[in-house]
Each structure stands twice: as structure tokens, then as C-alpha cells.
Amino acid sequence: MGRKGAMDKMKGKAKQKAGKAMGDERLKGEGRADEAKGRAKGAMGDARENLQGMKDSLKGKGRS
């Protein structure tokens, strides 16, 4: 997972905990949204890496 995705997930978890401790539903919701954004960024990064790997393997096969 990329650094930005991991940071969003950590920020989201922190906001959720703070919201729970303070009884702030809005802050908890923001935390859930940040965490979801982090997971999405991570998934996009993984997909990008997989696509690059496929491109690289196809280039290698064409040269054999």
C-alpha cells in the first residue's frame, strides 16, 4: 500500500477513536470516510503495480 493510503487509514482510525471518546458522531464519520479513502488508495496502488507487472511480463515474453 502506498504511503498516502496508509496515512489516510491511520488518520481515519485516530479520528474514529477521538470521536468515540468525545461522543462526536460527526468526527467518527469523518474517520470512517478517511479510512475508506485510504483503503481505496491502497487498492488503486496495488492495481497499478499489478498492471505494471503484467506489462513487464508481456514485454519479456515478446523478446524470447
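Start by selecting Arg-39: with a relative accessible area of 45%, Arg-39 is partly exposed (buried is under 20%, exposed over 50%, partly exposed in between, with a 1.4 Å probe and protein chains only). This is a predicted model, where local features need pLDDT of at least 70, side-chain atom pairs count only at pLDDT 80 or more, and totals for chains, interfaces and linings use all residues. Residues are numbered from 1 along each chain as its sequence is written, and side-chain values use heavy atoms, without hydrogens and water.

Now add Glu-35. Its side chain meets that of Arg-39 in a salt bridge, 3.6 Å from N to O (a side-chain nitrogen of Lys or Arg within 4 Å of a carboxyl oxygen of Asp or Glu). Glu-35 is buried, at 12%. The two are four residues apart in helix 2, so about one helical turn separates them (helices are DSSP runs of H or I, at least four residues, numbered from the N terminus).

Next, select Lys-15, Arg-26, Glu-30 and Asp-34. Salt bridges with shared partners join them into one network. Within it, Arg-26 and Glu-30 pair at 3.0 Å, N to O. Arg-26 is exposed at 59%; Glu-30 is partly exposed at 27%.

Go to helix 1, residues 3-22. Which of its residues are buried? Select Gly-5, Asp-8, Gly-12 and Gly-19. Look down the axis: they fall within an arc of 60 degrees, so they line one face (the arc is taken from the directions from the helix axis to the C-beta atoms). Turned away from that side are the exposed Arg-3, Met-10, Lys-17, Ala-21 and Met-22.

Finish at Gly-45, in helix 2. Gly-45 is buried, at 17%. Its C-alpha is 8.6 Å from that of Gly-5, 40 residues away in sequence.

Conventions:
Expected span 1.5 Å × (residues − 1).
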